[in-house]
Every structure is written in C-alpha cells, then in structure tokens.
Amino acid sequence: MHSTLSLSSPITSSAATTSRSHSLPFTTAKPIHLRFCGLRPEALVSTTYSLNRRHGYLPCRSHSSISAALSSNDAPPKSFDYDLLIIGAGVGGHGAALHAVEKGLKTAIVEGDVVGGTCVNRGCVPSKALLAASGRMRELKSDHHLKSLGLQVSAAGYDRQGVADHANNLATKIRSNLTNSMKALGVEILTGFGSIVGPQKVKIGSSDKIVTAKDIIIATGSIPFVPKGIEVDGKTVITSDHALKLESVPDWIAIVGSGYIGLEFSDVYTALGSEVTFVEGLDQLMPGFDPEISKLAQRVLINSRNIDYHTGVVATKITPARDGKPVLIELIDAKTKEPKDTLEVDAALIATGRAPFTQGLGLENIDVATQRGFIPVDERMRVIDANGKLVPNLYCIGDANGKMMLAHAASAQGISVVEQVTGRDYVLNHLSIPAACFTHPEISRVGLTEPQAREKGEREGFEVSVAKTSFKANTKALAENEGEGIAKLIYRPDNGEILGVHIFGLHAADLIHEASNAIALGTRIQDIKLAVHAHPTLSEVLDELFKSAKVKEQASSPVSEPVAV
C-alpha cells in the first residue's frame, strides 16, 4: 500500500555482469512519486470533518466555488439522453451503474475495450485463479505439512496450459456475469472510447455520435506502469498483463517491485518451480505494510522460499532475451547512483505499480489538467479544473483519481457519487477501506500502520496502544496446521477508537472485514468486545484481539475525526 516508488532514468556507466549463481546488490535512483495501492499522504492529516458512525461517511463543507467550465461556444444541453453516463465499465463503473439503476436513474456505460476493466480481465480476478491453482500445488509439494495431517501424496505435477485456462475461463465468466447483470437491470452499454467534448457531452468512439447526460462519471482505471529504460517484449520482459496469461514458467525470474503485485506473483512462480529474485528500490521489502507484519511475512513468504532479494537498488535498463542471450538487468545504487551490476535472468516481471489511464478523455475541453496523470477531485469525487474550481456534474472514481488504487475502492467511490447526485450528502471514509495481498498465507490491513498512528497521536495529542494475538492460539488454524500468523490492533486506549488492524495468516483477506466495518460504523472496542463468534472458527482471532485491548474504564473522549480523501 505504499504510495510512492523510486525510479530513475538510465545511466551510461558500464556495470559488471553477474551470472545467476551469484547474489547481487541492486540499485535505485532519485525518486518520482506515483500512487499505487494506498492512500495519499493527505489521508494521515487531521481535518475538521465529522464521522457519521452509522454509515461511515463524512458530511463535509462544500467546495468553496464551482466553475462553469464552459466555453462561449459550448453551453450545456437543456435536455439529456441519460441521467448518468459512466465512462469505463470496470468494477468501479459497474458498481456505480447498478447503484444508479437502483436509485431510478436512466444510466448508460461507455466501454472502449471489454466489460470488467483491469480487475476482471487483467488483474485481481485472473490473478486469484493463478494463486488458487499454485496454492494447491504448494500444499501438495509440502511433504512436512501433509505428513502432519496423516496424508501421503505421490509426486504432484501441473499442466501449465490448464492453469492458464483456469484463469482465462474465470475472467470470461465474471466478465459475462457483469455484462448480463447490467443488461438485465436496463443499463445501456455503449461500445467505443468515450471522450468529453463539452459540458455534459460525450463523444462515443470514432463516429460523430454524441450523447448527453445530466451527470458524468469518469472510471477509466489504470494500466501497468513501466519505468523508463525498460523494454517490454511481452515474452521475456513482461508486465502483470502478460504474466496472467502464464505463457511460460521460467526457471529464474526477476520481479521488479515487492509490493502487492510482486508478492502475489512470487507466490505463484515459486509454487510452480521458479527461482525468484526481487529488485526493490526502497531500503526494505514490502514497503507500505505495517513494519511488524512485513517482518513476519518476509520470514514466511520470502526467506523460507527459493527467493533472493536486493533492496536499495533500481533497474535502470532491462533488455529482453534475444539471440541466445538472457534478459539483462542493469543496476545502480539508490543513493549514490553508482553502477552496481548486471543481472542475467530468464525473464523479468515489471511490478512497479500502475499508472492512471486518462489520456484521450478530452479533459482539455473542460479545462481540466491532470496531476502526474491523475484527475484531481475533491472528497466527493467531483472533478477540479485547472483553476481549482469544481467542474459541474463531472466526477472521477477509481484508479484514475489516485486516491486509493483498489477495485473495491473504485466501486465504493462510484456508489458515493450516485448518492451525491440523488440528493444524499455522502462522503466515503477511505480509512475504512480494507486491502489484501493474496499470498499463502494472506496479508490484510485496514486503517493506519503503527508508525502512522503514532505520528497522528503525537500530532493530535492522544495515546496509541497496540494489541496482538497469534494464530497459534486459534483452534481452527491449528486444526488446519496453519498456525503461522498474527493479528495486530492499533487503537486509542482513552476512547476505544480503532485506528488500524493488520493480519498475516490463514484467510486474512476474509477476516479483515470485521475490523473495516467497525471503523466504517465508528464502533468502539469496548462495544465490539461483546460480539459473539462461533467456535471453533478463524474469526476468533479477531475476537481475542479485541478482547485483549485495554481501554480505560471511563472512556469519554470522542472518536477522532477521519479524513475524507
């Protein structure tokens, strides 16, 4: 969930070549700032917004002014083809469309590629299929784990194409489900790339067809970010788009970036027999995770597997394999910018995050300037023009605005916009949105990390406490012989406010929602302690976690005000 990545332009200095049998120190350069799966820094800053505990949103003061953003030759239409037009049919656009229909809006969605967007076709859906298959393979190859359960399995194997087909078939099925659900509810699907030609007007595709809508949502998502100096051929130097096709399982693959994408693919490749080398520009692996969770996760997910890693380095040039030569990765030191080595591998996966897909939207026609590619919005997802004023009836959700680059965050933002346009003042609390990394075991989180919480506490004058519990104390986890894991609660002992929860362990991605819903609803620890959990279940990990927190008897301080981002 780290919000920045260190990148650099290529250097011309020569570097020593090291073969695959050697350990290599890698390198980084002067950072530029790109938002990936995480909150903007503003999320950690105190504001005067108030929390509606029932719905987890923040009724906030409106923006100071709204710009007409109109040219003299292009006034808004007096009547409209649709109440709501959504540009982009990914998870965010789909969620907004379904909620709009429920609210009685005549709705259309524009898609220039395929329904489902990145998540369904080239992201979270097919990757979970690969992780499911490779996870089974990992279990079958773990003799120690199987013997502890009294099981014996002869040599396990896999069919690469069969695994790839599983991922592709799942994406196809979910894409069909999304399409059918919209059609069944009366959402009109317009095929073609949507481009804004004026206030409340969108051109569809290359034709002259222009449709009008009272309100417009931009939901165009993102694409893989490839740093300068890296040559992607789609075969030996690949992005996550290519990796999800699983056209090969290389003997040795370098993964550039150790965030969510890199970690999940390392899980897939090592389970299928690859050797993995991480190249990380920052000084530690898994940047953005809570440090205590990262430390344990590194021991289990990296140190115990056929993985080596190099931190504090950047790959300034990557050349695909050709003419019998391997993939070459040139490295420089992050701080000194000095050449380090050249790594030779069979393949390289570029997992350096994602960049917003906002080109060609006609933003110049409404005087909107992107910021590092992101469309600027306020806390209600209303688009802000180049003069800092709101563009009437125009919203942007999901990866294109960079607030929190997660599919379910995009959907939640889309729903919040529909609430706005149908008369309800609803602002999404991004600190209540969970995130998960689907490794084996999984990692999940919601809210602040411990360092972030302590910084906030010092700034605002309140104490921060931490409670922890282990999966080794959970009956269900022990029955599965999966006791490796921890849950961590960060909270205010004066009033019982939950500041953050972090989980590493079996089904962590499913367990986190009790905590995220508690944050969204403003539930205090002293109240959630009274909840009942079935026994024996993994949910008792959270039950024990909340019960172990020490809240002062007379907690009267109000829950601190979260941030609308």
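This passage looks at salt bridges, nonpolar cores and one pocket in a predicted model.

A search of the whole structure returns 26 salt bridges, and a few of them deserve a closer look. One joins the side chains of Lys 488 and Asp 290, with a nitrogen-to-oxygen distance of 2.8 Å. Lys 488 belongs to strand E23 (residues 486-491), while Asp 290 sits in the loop between strand E11 (275-280) and helix H8 (291-303), so this pair ties together parts that lie 198 residues apart in sequence. Both Lys 488 and Asp 290 are buried.

A further salt bridge, at 3.1 Å from N to O, brings together the side chains of Glu 484 and Arg 299. This pair, too, links distant parts of the chain: Glu 484 is found in the loop between helix H11 (475-479) and E23, and Arg 299 in helix H8, 185 residues away. Glu 484 counts as partly exposed because its relative accessibility is 28%, and Arg 299 counts as partly exposed because its value is 44%.

The salt bridge between Arg 454 and Glu 450 has its closest N and O atoms 3.0 Å apart. Here both residues lie in helix H10 (residues 450-460), with a spacing of four residues, or about one turn of the helix. With a relative accessible area of 38%, Arg 454 is partly exposed. Through shared partners, salt bridges connect Asp 290, Glu 292, Glu 450, Arg 454, Lys 468 and Lys 488 in one network. The buried pair Lys 488 and Asp 290 is thus found in one network with Arg 454 and Glu 450.

Attention now turns to the nonpolar interior. In soluble globular proteins, nonpolar side chains tend to be buried together. In this model, the largest nonpolar core comprises 46 residues, and Leu 85 and Ile 217 have the most contacts inside it. Beyond its neighbours within four places in sequence, Leu 85 is in contact with residues including Ala 108, Val 110, Leu 190, Val 202, Val 211 and Ala 213. Asp 215, Ile 216 and Ile 217 are also among the contacts of Leu 85. Another core, of 45 residues, lies apart from the largest one and includes Val 268, Tyr 269, Ala 409 and Cys 437.

The second largest pocket has a volume of about 990 Å³. Its lining is made up of 33 residues, of which Arg 138, Glu 139, His 440, Pro 441 and Glu 482 are the closest to the centre. Helix H3 (124-141), helix H4 (143-148) and H8 each contribute at least two lining residues, and H3 provides the largest share, with eight. By character, the lining divides into 11 nonpolar, 11 polar and 11 charged residues.

Methods. Residues are numbered from 1 along each chain as its sequence is written. This is a predicted model: local features need pLDDT of at least 70, side-chain atom pairs count only at pLDDT 80 or more; totals for chains, interfaces and linings use all residues. Side-chain values use heavy atoms; hydrogens and water are left out. A salt bridge is a side-chain nitrogen of Lys or Arg within 4 Å of a carboxyl oxygen of Asp or Glu. Buried means under 20% relative accessible area, exposed over 50%, partly exposed in between (1.4 Å probe, protein chains only). A nonpolar core is a set of buried Ala, Val, Leu, Ile, Met, Phe, Trp, Tyr and Cys residues joined through side-chain atoms within 4.5 Å. Contact means heavy atoms within 4.5 Å. On a 1 Å grid over the protein atoms alone, a cavity is a set of points where a 1.4 Å probe fits but cannot get out, and a pocket is an open set with protein on both sides within 12 Å along at least five of seven lines; lining residues have an atom within 4 Å of a point. Grid points are joined across faces, edges and corners, and a volume is the space filled by probe spheres set on the points. Ala, Val, Leu, Ile, Met, Phe, Trp, Tyr, Cys and Pro count as nonpolar, Asp, Glu, Lys and Arg as charged, and the others, Gly among them, as polar.
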